[in-house]
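User: Please take a close look at one part of this chain: how its helices pack. Then set that part against the rest of the fold.

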Amino acid sequence: MVAKYKKDGISSGAVDCGLADPAVSGTSGSDGGNGAAAPSRATGLASSFPSIAPGIDVDSVSEAELKENGFRSTRRTKLICTIGPASCGFEQLEALAMAGMNVARLNMCHGTREWHRGVIKSVRQLNEMKGYSVALMMDTEGSEIHMGDLGGVTSQKAEDGEEWTFSVRKFDGALPEGTLQVNYEGFAEDVMAGDELVVDGGMVRFEVVDKIGPDVKCRCIDPGLLLPRANVTFWRNGRLVRERNAMLPTISSKDWLDIDFGISEGVDFIAISFVKTADVIKHLKSYIASRSTNRQIGVFAKIESCDSLKNLEDIIRVADGAMVARGDLGAQIPLEQVPSVQREIVTLCRQLNKPVIVASQLLESMIEYPTPTRAEVADVSEAVRQRADALMLSGESAMGQFPLKALSVLRTVSLRIERWCREQKRHEMMRLRELSPPSSDRQTAERVSEQICNSASHMANNLGVDAIFVYTRDGHMASLLSRCRPDCPIFAFTDTTAVRRRLNLQWGLIPFRLDLSTDMEVNILRTFSLLKARGMMNSGDLVIAVSDMLQSIQIRKIP
Ligand SMILES: Nc1ncnc2c1ncn2[C@@H]1O[C@H](COP(=O)(O)OP(=O)(O)OP(=O)(O)O)[C@@H](O)[C@H]1O
Ligand SMILES: CC(=O)C(=O)O
Ligand SMILES: [K+]
Ligand SMILES: [Mg+2]
């Protein structure tokens, strides 16, 4: 890959994934524009960070946005960065956090567990020392067919008409010239001469010419760049072939080891690749519940296969959220169907109150170039207009030349389109169905919460209030409010750092950690005075306050 322009500040020079000393790393964000550091009070570093106020944890990015732009202009769409060699150093992670990264994603297809452990440690350190609440998402490899490691090189160009061999043989060290490894042992038996091999969602295509034992001879028909461990699908007579590869388990034995690793490292979310049915999600959720007693890990279903589309509603109902994984999805359904499927998934997730992520190729050209294409900006805008909870960077932040610039594009486009949608009423309008029908006592309590949140957000829009405040221990009421997508931001106060991190993935929520009292009035007055003291709100601001501890709605003017 040739850098045609000056590289991004954070990815310049040699890749250093060691732990820089965070105490001396300073703030290296150049386009983040958020200089104020707000460390957690738990670190005892208050003296070196004068902006700290006791009693409340919020990150410097939210704080600066609130101070500079007032309540209404904070960003509602959340941003996820896949971490890779271009972004794994402490200072690089810090720059991304400063530029608005809400969630760091670790793709277990790549890197060793040790490597991932280093990133997790850095993110955790960043949160503790600088007051961020960057959540961690682990993404499983899954057992779909993919290529091997390219024998150590970072990429290989396949030219039109070239002959390549796909082999299920194991090679030690360098691969023979023109050979690619395939991880699925049944590959050579399943494919037939004349089949089309689609690599990396169509970035490169081959036609099968001949089979010789474990080797499949192919000719390149669509040239492109081959990347390590890229996914491979095969097509016959214009249809995706589902042979024995369709029987591969969604969660492989390697995935289970990665999941154990994720649980023990305390990640916030686990995203499951190539989900086919709701059962696999249920199974994983009960496994997690039996392994981690007091910690909740959100399980996200990645929608990236034909099978997942068949069972979409069942899958989303049992998952804690979903990802529109357009990379692989675009290799399994015709490309022209991807936009409508995206819209359908985003709508369904909102109806079912599950956070939804739109992922892959949002700013693909920024892997190599410092500015996005107009088409990419339009794609990002559409996802923002659909009011997806989060947008995700993949290669752009993992191995691209301009991770920070790509994140900055997502941030500025989100802010601009959100404002335009609010001012011009250009959102995707949606009538929300009732989530919980009346029956048992528990559901009645849930129904009350739902009604309170619907009404609070309706009132907030009609009265033009500056913010909704929600006091919530488990975060549920905050997510019910987020589902309503009100015009004003939602300040979510919760008493655990884990819930605060989880809420950081959801649309419109600005999560704070605060020791909650059982007395609502105490909570309200404390948050008013703390936020006022830090310049995040002003006398006269109008706020709607709701709580899951005392099911109530209050309209309050900041004294
Ligand atoms: N931890 C990592 N180490 C090295 N390279 C990485 C890492 N994570 C991502 N990358 C690189 O960034 C590219 C894009 O990242 P991404 O997570 O989207 O991978 P992917 O394999 O395309 O996605 P998925 O497997 O989830 O469908 C990868 O193809 C790989 O080259
Ligand atoms: C993110 C991912 O897995 C995909 O787009 O395929
Ligand atoms: K993956
Ligand atoms: Mg995928």
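Analyst: Start with the yardstick for exposure. A residue counts as buried if 20 or more other C-beta atoms lie within 10 Å of its own, as exposed if 12 or fewer do, and as partly exposed in between. Arg 229 has 16 other C-beta atoms within 10 Å, so it is partly exposed. The same yardstick serves for the helices below. The model is predicted.

First, the setting. The chain has 18 helices and 23 strands. Of its 559 residues, 47% count as buried. Of the contacts with a separation of 6 or more, 69% join residues 24 or more positions apart. There are three domains: domain 1 (14–143 + 254–424), domain 2 (150–247) and domain 3 (441–557). Domain 1 is thus written as two segments. The C-alpha centres of domains 2 and 3 are 52 Å apart.

Now the close look, beginning with α12. Helix α12 runs over residues 374–385, and its 12 residues should span 16 Å at 1.5 Å a residue; the end C-alpha atoms are 16 Å apart, in agreement. Five of its residues are buried: Glu 376, Asp 379, Val 380, Ala 383 and Val 384. Viewed down the axis of α12, these fall within an arc of 140°, so they line one face. Glu 376 and Asp 379 are on the buried list along with Val 380, Ala 383 and Val 384. On the other side, Arg 374, Ala 375 and Ala 378 are exposed.

What does the buried face of α12 pack against? Its partners are β17, β18 (390–393) and α14. Leu 391 adds residue-level detail. Beyond its neighbours within four places in sequence, Leu 391 is in contact with Val 380 and Ala 383, among others. Both of those are buried residues of α12. The other contacts of Leu 391 are Thr 77, Leu 79, Ile 80, Val 358, Leu 362 and Leu 410.

Leu 391 also stands out in the core. The largest nonpolar core has 87 residues, and Ile 272 and Leu 391 touch the most other members. Helix α14 (residues 403–424) gives the most to this core, with seven residues. α14 has already appeared as a packing partner of α12. A second, separate core holds 32 residues, including Ala 456, Ile 468, Phe 469 and Val 499.

Turn to α11. It covers residues 338–351, and its 14 residues reach 20 Å from first C-alpha to last, close to the 20 Å expected. Its buried residues are Gln 342, Ile 345, Val 346, Cys 349 and Arg 350. They cover an arc of only 130° around the axis, which puts them on the same side of α11. The elements covering them include β15 (298–303), α9 (312–318), β16 (321–325), α10 (326–332), β17 (356–359) and α16 (476–483). β17 is among the partners of α12 as well.

Both helices are followed by a positive phi. Most residues other than glycine have a negative phi. After α11 comes Asn 353, with phi near 60°. Just after α12, Arg 387 takes a phi of about 60°.

Two loops show the same backbone sign. Arg 229, already met above, sits between β11 (224–226) and β12 (232–236). Its phi is near 60°. Asn 237 lies in the loop between β12 and β13 (239–240), and its phi is near 50°. Asn 237 counts as exposed, with 8 C-beta neighbours inside 10 Å.

Two more loop positions complete the survey. Ala 174 lies between β6 (163–167) and β7 (179–181). It has 11 C-beta neighbours inside 10 Å and so counts as exposed. Its C-alpha is 4.7 Å from that of Gly 151, 23 residues away along the chain. Gly 266 lies between α6 (253–265) and β14 (269–272). With 13 other C-beta atoms within 10 Å, it is partly exposed. The C-alpha atoms of Gly 266 and Lys 157 are 39 Å apart, at a sequence separation of 109 residues.

Last, the C-terminal part. An unreviewed UniProt entry annotates residues 450–549 as "domain: Pyruvate kinase C-terminal". Over that stretch the chain is 43% helix and 22% strand, and its end C-alpha atoms are 14 Å apart.

Notes: Residues numbered from 1 in each chain as written. Chains lettered and ligands numbered in written order. Predicted model: local features only at pLDDT ≥ 70, side-chain atom pairs only at ≥ 80, totals over all residues. Helix = DSSP H or I, 4+ residues; strand = E, 2+ residues; numbered from the N terminus. Expected span 1.5 Å × (residues − 1). Arc of directions from axis to C-beta. Contact = placed C-beta atoms within 7 Å. Core = buried A, V, L, I, M, F, W, Y, C linked by C-beta atoms within 7 Å. Domains from an automatic or database assignment. UniProt positions renumbered as here; feature names shortened; annotations may be inferred.
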